[in-house]
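Got your viewer open? Load the model below and follow along, one selection at a time.

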Amino acid sequence: MTETVTRPADDWWRSAVVYQVYPRSFADADGDGTGDLNGIRARLPYLAELGVDAIWISPWYPSPLLDGGYDVSDYRDINPEFGTLADADALITEAHALGLRILIDLVPNHCSWEHPWFKAALEAGKGSPERDLFWFRDGVDGQPPTNWPAAFGGGAWQQIDDGQWYLHMFDISQPDWNWDHPKVIEEFDSILRFWFDRGIDGFRIDVADSMAKDATLPDVPLRDGQPTREKYVGNPFYDQPGVHTIHQRWRAIADEYADSPQGPRVFVAEAWLSPPERLAQYVRPNELHSAFNFDALRASWDAKDLRAVIDRSTGSLWAVGAPATWVLSNHDTIRHRTRYGRALEDALAGAGVVPTDLALGLRRARAAALLELALPGGAYIYQGDELGLPEVEDLPEEVLDDPTWERSGHTSRGRDGCRVPIPWEGAEPPYGFGPGEGQPWLPQPADWAPLTAAAQSGDSDSHLNLYKAALKIRREHPDLGEGRLSWDDESPAEVLAFTRGNFRCLTNLGSSPVALPVGTEVLLTSSPLVDDQLPTDTTVWLNTAE
Ligand code: NOJ
């Protein structure tokens, strides 16, 4: 393992930079238009050279891919479209040899309707033990048991031929497990051990706040006449106290591996919960190790907002002994280059509906990257962020694959725009995503040639090389990674400025250039200084002389 002195092996996860691979869209070794594990293996040297510490691979399991693999039909195998278990073993070994840890996705709230246990439940009929593993209920006067809304649109209950309904908080193809059932609990214990024994370093827990349900099945309140999906305290399907029992159990399993030569196995929670004090409950010392902090992703490009997010999230996470984490984009959100190119109020709006200045977005994305990587704790990079990819907002309707498109009655295009396959090299699609000229499962824009990894690698000013330079400094600088920060309050209000030992970071979100503090040496800037001053939408990393 390529550990550095600043990252003791046991604590790697507290400050790790984790790169998210969305396997369908990362790299296609066999040329069928879909990314695969051998494609990831071939690009491991790229990731090692980029300088990340770990890779999180979105679901790689057998799946009909009706929700991009978050609909799992077998938790102990690899989707044949992506490869084999032998490929996974090789990937884990090769990644470890390059000093990269591997996290995989665990999807415990629901499976696919192709999972054999769900198929057996459908077959077995009303009142059977097979149905007890899921949420099957009779309706009321032909209506579903509750008014709960599903995440992708429509109601959360699907009626089957014998009149019963089953619960699916996401797509109809994703039945929810019944976590009150001991067989479900034991099954997931065994799945965790299966993968830990194969050498993975941890799991990202999908919708970690959702497995436990209020079994009395109360309706949710209406907002504007519609059942709400708000995560209010007491919501019957989110953040129920029972989720913590599950996480404590999993922590004990991970801790069984703590003394293995590979070091501790860890969890990161995906839970879109506010305020951060609620999220902090998931990362208490006997629960999950860390959690994505989505508040930075949701914050606007505004110094006051960002500072408030940084203070509140670090405050609540540190209070329970957990590290902070920073996330700017992932496979569910509009890429941040595009978000930052929009007016504040439009930043998270749906695809194609608001004007976007991609040059401004890129400049801010560069500044945000240096800000993110300077903050205390861990950081996540979504594949393609290091290339400055924008959201693809003009995918033709006929290629849209996200269930949101159908379930919303074609009113929301969904998340495909951030899942367009990565451009690696060459002048036209498929830009080296796969061999030859076969086209990928989602079409790539015709103007991405300058964004390919190959085109950027030779350009010292490229987005890719900014990431590489930042990650190198982050690895080597003793004051970066885990730790604390103190705000430099003499800076103007529109400048985020903080100190960490001999390291200082300034981000200028105001409209005028600002002077750099005296007696500092410039380590890196996201855009060039102008007359030795820090221009608008720029971050600088500084070293303070001893
Ligand atoms: C969160 C995942 O990130 C998302 O892609 C998925 O659709 C839902 N959970 C359901 O599994």
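## The whole chain

Start with a cartoon view: the chain has 14 helices and 20 strands, where helices (H or I, at least four residues) and strands (E, at least two) are DSSP runs numbered from the N terminus. Its radius of gyration is 23 Å, close to the 24 Å that the globule rule gives for 546 residues, so the chain is as compact as a globular protein of that length. That radius is taken over C-alpha atoms, and the rule is 2.2 Å times the number of residues to the power 0.38. This is a predicted model, in which local features need pLDDT of at least 70 and side-chain atom pairs count only at pLDDT 80 or more, while totals for chains, interfaces and linings use all residues. Residues are numbered from 1 along each chain as its sequence is written, and side-chain values use heavy atoms, with hydrogens and water left out.

Show the C-alpha atoms alone and they fill a box of roughly 75 × 55 × 55 Å along the principal axes. Now switch on the surface: the chain exposes about 20,100 Å², with carbon and sulfur atoms supplying 52% of that (Shrake-Rupley method, 1.4 Å probe; for residues, only the protein chains shown count as cover). Of the 546 residues, 60% count as buried, meaning under 20% relative accessible area.

## The ligand

Next, select the ligand and whatever lies within 4 Å of it, counting heavy atoms of residues. You should pick up Asp-67, Tyr-70, His-110, Phe-152, Phe-170, Arg-204, Asp-206, Glu-270, His-331, Asp-332, Arg-415 and Arg-419. Colour this shell by class and you get three nonpolar, two polar and seven charged residues; here Ala, Val, Leu, Ile, Met, Phe, Trp, Tyr, Cys and Pro count as nonpolar, Asp, Glu, Lys and Arg as charged, and the others, Gly among them, as polar.

Which distances are worth drawing from ligand oxygen atoms? Try a polar side-chain atom of Asp-332 at 2.5 Å, an N or O atom in the side chain of Asp-67 at 2.6 Å, and a polar side-chain atom of His-110 at 2.9 Å. Taken alone the ligand exposes 290 Å², and the protein buries 97% of that.

## Gln-164

Last stop: go to the loop between β5 (157-159) and β6 (165-167) and pick Gln-164. Is Gln-164 buried or exposed? Buried, with a relative accessible area of 7%. Its side chain makes a polar contact with the side chain of Arg-131 (2.8 Å).

Key: A polar contact is a pair of N or O atoms within 3.5 Å; within protein, one must be able to donate a hydrogen and the other to accept it, and residues adjacent in sequence count only if both atoms are side-chain atoms. Buried means under 20% relative accessible area, exposed over 50%, partly exposed in between (1.4 Å probe, protein chains only).
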